[in-house]
Amino acid sequence: MSNEQSAEIRELTTTIDFGFQVEAFIKSPIGTFLIERAEGEIADALEGLKKVSPNDPAAIVDLQNRVYRAESIQYWLAEAIQTGMNAQREFIERERGD
């Protein structure tokens, strides 16, 4: 195995491990708390968007930003897990010689 292949395998295993760590974090009390808070923030902001005056663009932008921020956290975590799963698939395919 060349140094380049070894580096690629190390990168894959690091990515796989990180994905597992993010999954474990989400299942931990802190991760569960953060996900629940993000979901609550989204729900509250969406409820606010239903009631905000269409003539108050600053309030609308604030509510949209709250949704965006809370969803971003969830997306980042999901993306880290998905990237780890993809790396795992690639690692298995390399090991089988596909």
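**Exercise 1. Salt bridges around Arg 94**

In this predicted model, Arg 94 and Glu 90 both lie in helix 3, four residues apart, which is about one turn of the helix. Find how their side chains interact, and determine which residues are joined with them into one network.

Solution.

Step 1. Start with the pair inside the helix. The side chains of Arg 94 and Glu 90 form a salt bridge, with an N to O distance of 3.3 Å.

Step 2. Extend the set through shared partners. Salt bridges with partners in common join Glu 8, Glu 90 and Arg 94 into one network.

Step 3. Examine the other bridge. Glu 8 and Arg 94 meet through their side chains at 2.9 Å, N to O. Glu 8 belongs to helix 1 (residues 3–27) and Arg 94 to helix 3, so this pair ties together parts that are 86 residues apart in sequence.

Step 4. Classify the accessibility of each member. Buried means under 20% relative accessible area and exposed means over 50%, with partly exposed in between. Glu 8 has 30% and is therefore partly exposed. Arg 94, at 33%, is partly exposed, and Glu 90, at 35%, is partly exposed.

**Exercise 2. A salt bridge in helix 2**

State how many salt bridges the structure holds, then describe the one between Lys 50 and Glu 47.

Solution.

Step 1. The total for the structure is five salt bridges.

Step 2. The side chains of Lys 50 and Glu 47 meet at 3.4 Å, N to O. Both residues are in helix 2, three residues apart, or about one turn of the helix.

Step 3. Apply the accessibility limits to each partner. Lys 50 has a relative accessible area of 64%, so Lys 50 is exposed. Glu 47 has 33% and counts as partly exposed.

**Exercise 3. The nonpolar core**

List the residues of the largest nonpolar core, name the helix that gives the most to this core, and find the contacts of Leu 77 beyond its neighbours within four places in sequence.

Solution.

Step 1. The largest nonpolar core consists of five residues: Val 22, Ile 35, Leu 77, Ala 80 and Ile 81.

Step 2. The most is given by helix 3 (residues 57–96), which supplies three residues to this core.

Step 3. With neighbours within four places set aside, Leu 77 is in contact with Val 22, Phe 25, Ile 26 and Ile 35. Val 22 and Ile 35 are among the core residues listed in step 1.

**Exercise 4. The nonpolar surface patch**

Identify the residues of the nonpolar patch on the surface and give their accessible area together. Then classify Phe 33 as buried, partly exposed or exposed.

Solution.

Step 1. The patch is formed by Phe 25, Ile 30, Phe 33 and Leu 34, and together they have about 370 Å² of accessible area.

Step 2. Helix 2 (residues 29–51) gives the most to the patch, with three residues. Phe 33 has its place in helix 2.

Step 3. The relative accessibility of Phe 33 is 45%, so this residue counts as partly exposed.

**Exercise 5. A pair distant in sequence**

Locate Asn 86 and give the separation of its C-alpha atom from that of Ile 16.

Solution.

Step 1. Asn 86 is in helix 3, and with a relative accessible area of 37% Asn 86 is partly exposed.

Step 2. Asn 86 and Ile 16 are 70 residues apart along the chain, and their C-alpha atoms are separated by 8.2 Å.

Technical notes: Residues numbered from 1 in each chain as written. Predicted model: local features only at pLDDT ≥ 70, side-chain atom pairs only at ≥ 80, totals over all residues. Heavy atoms only, no water. Core = buried A, V, L, I, M, F, W, Y, C linked by side-chain atoms within 4.5 Å. Buried < 20%, exposed > 50% of the residue type's maximum accessible area, 1.4 Å probe, protein only. Helix = DSSP H or I, 4+ residues; strand = E, 2+ residues; numbered from the N terminus. Contact = heavy atoms within 4.5 Å. Patch = residues over 30% accessible without salt bridge, like charges linked within 9 Å, V, L, I, M, F, W, Y side chains within 5 Å. Areas by Shrake-Rupley, 256 points an atom, 1.4 Å probe, with all protein chains shown as cover. Salt bridge = Lys/Arg side-chain N within 4 Å of Asp/Glu carboxyl O.
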